[in-house]
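Thanks for coming, everyone. I have one structure to walk through today, so please put it up on your screens.

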Amino acid sequence: MDSIKSLFAPVRTVLEKLGILSPQNLWNDILQQHWRVNAVLLIIITALFGWIIMLTLARYIDLAPVKPSDLLDGVVSKPGSPPIPPPTEIVSLRVYPIKSCRGVELQSTRMRRTGLTLDRNWMFVTTSDYKFMTIRGDSSMTLIDTALVEGDDPKDPSNQQLEISIHGGSPDDRIRIPAFPTQEWLKANTTLRPVEIWEQETDGYVYAEKFNTVFSDFFRKEVALVYKGPTKRLNRINGQKDMYGEDIATNFPDVVSLQIANEASITDLNRRLREKHGEELGAALTIERFRPNIIIRGREDHPWEEDTWKRIRITTTLPSENAIYKIELDSIARCARCQVPNVNPDTAEKHAKEPWDELMKFRRVDSGGPAKFKPCFGMLCIPRREGKIAVGAKLEVLETTANHLYSVRKFADL
Ligand SMILES: *[C@@H]1O[C@H](CO)[C@@H](O)[C@H](O)[C@H]1NC(C)=O
């Protein structure tokens, strides 16, 4: 008994010092004589200290319990997963109506499960073999400009036109075609036939020669414009059914319909390039080199945090329509890069080294399949729903993962 009492001697000393315990006090008797009260007090004090230490530690090692006010509707935060970044906003929307050609910046548009409206609906093929053309094979493709213009009949909303021209070319070097061609128009002006893209056959409406002469002259070979035909072409690699769990149609992108990039990440890349080369490289790289569809602001002090996205949500509020569109998207893979970003889109000149060399130094972040030997930039995403989307929309990350593996890991296993 005495040995137990002596164990609590320090507690008594502290309480005495604090004036809670005085020799005359009733507490003193209790504490002197009732070792159980002593034990309970010791346990309470130890627990309090432990709790404070745990909370402090948790703050530093990112295990801090999320405050209810931090919790977004639908967020899944699994223990061990990378932290959920705060919401950010969409700063730019881009579509590239013709594969590998210059794109169009939009204030608002419509998200479909097949990607943003008017994205990669067309491509060029060489008419000797009806195979697709890309910047990889011919960097001068970036000198083909596209624009959306109103047709001659302002009363006809379906009359929107896609204007295709040659950068710096004469006003004669341009054609206009319906942005949303009717079956009747296609029947009269195109031929439906098999075309080849990435060693796969699909069908396409091949435009008649009168639409192509400007471009055949420019490329110095016979080419034709092709509009995606009615047969479904499907998302590839991480987007195909055995990997994603669902077959979703797309037009003419390389892998998957939608790519999202982070402005903070290109800012970081430009900072690294400037540190390495000074002014030698000229102006900062524009995001257009990476051909994303959606660009988010992100956080300057957290570039590349998009690497860990698994599920995200875009909320577009349109007060003029009394409408809110919430679109959830699955972020299925990082986008493994080829050397296309080395091409300056304004001049079609390909730089011998950058940004490829710099990206290879710090962006070989995914060891899945071919991505092992490639740098990554941007995330490939598949929308779960359709709806309107506009610049200024909110982007929230709903779930993160440290397990992305290009062409290897299924979405269900992330
Ligand atoms: C075929 O294209 C031409 C040129 O754009 C257009 O004037 C014509 O109406 C088209 N044919 C049909 C049947 O739509």
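I'll start with the overall picture, then take the parts in turn.

First, a caution: this is a predicted model. The chain has 414 residues, and 33% of them count as buried. DSSP runs give nine helices and 21 strands. Now the contacts. Take pairs of residues at least 6 apart in sequence; 67% of those contacts join residues at least 24 apart.

Next, the nonpolar cores. The largest one holds 46 residues. Which of them touch the most other members? They are Ile 332, Leu 380 and Cys 381. Strand 19, residues 376-383, gives the most to this core, with six residues. There is another core, lying apart from the largest, with 29 residues. Its members include Ile 144, Tyr 207, Val 214 and Val 340. Keep Val 214 in mind.

Stay with Ile 332 for a moment. Leave out residues up to four places away in sequence. What does Ile 332 touch then? The list runs Asn 238, Gly 239, Tyr 244, Val 256, Leu 380, Cys 381, Ile 382 and Phe 411. So much for the cores.

On to helix 6, residues 209-219. This is where Val 214 comes back. Asn 212, Val 214 and Phe 215 are buried here. Why do these three sit on the same side of helix 6? Because they cover an arc of only 145 degrees around the axis. Now turn the helix round. The face turned away from the buried side carries Glu 209, Lys 210 and Thr 213, which are exposed.

What do the buried residues of helix 6 pack against? Four strands: strand 5 at 122-126, strand 9 at 174-178, strand 11 at 200-207 and strand 12 at 223-228. Just after the helix comes Arg 220. Its phi is positive, near 55 degrees.

Two of those packing partners also pair with each other. Strand 5 and strand 12 are antiparallel and share five bridges. One bridge sets Trp 122 against Tyr 227 in strand 12. Is strand 5 mostly covered or mostly open? Covered: four of its five residues are buried.

Strand 5 has a further partner, strand 6, residues 131-132. That pairing is antiparallel too, over two bridges. Thr 126 stands opposite Lys 131 in strand 6. The two strands make a hairpin, with four residues between them. Look at Tyr 130 in the turn: phi is positive there, about 55 degrees.

Now a separate sheet. Three strands form an open sheet, in the order 4-3-20, with antiparallel pairing. Strand 4, at 115-116, and strand 20, at 387-390, are the edges; each pairs on one side only. Strand 3 covers residues 108-112, and two bridges join it to strand 4. Within that pairing, Arg 112 stands opposite Gly 115.

Last stop, the ligand. Which residues surround it? Glu 184, Trp 185, Ala 188 and Asn 189. By class, this shell divides into two nonpolar residues, one polar and one charged.

To recap one thread. Helix 6 buries Asn 212, Val 214 and Phe 215, and Val 214 is also listed in the 29-residue core. The buried side packs against strand 5, among others, and strand 5 pairs with strand 12 and with strand 6. That's my tour; over to you for discussion.

Notes. Residues numbered from 1 in each chain as written. Predicted model: local features only at pLDDT ≥ 70, side-chain atom pairs only at ≥ 80, totals over all residues. Buried ≥ 20, exposed ≤ 12 C-beta atoms within 10 Å, placed from the backbone. Arc of directions from axis to C-beta. Contact = placed C-beta atoms within 7 Å. Near = placed C-beta within 6 Å. Nonpolar A, V, L, I, M, F, W, Y, C, P; charged D, E, K, R; others polar. Pairing = 2+ DSSP bridges. Core = buried A, V, L, I, M, F, W, Y, C linked by C-beta atoms within 7 Å.
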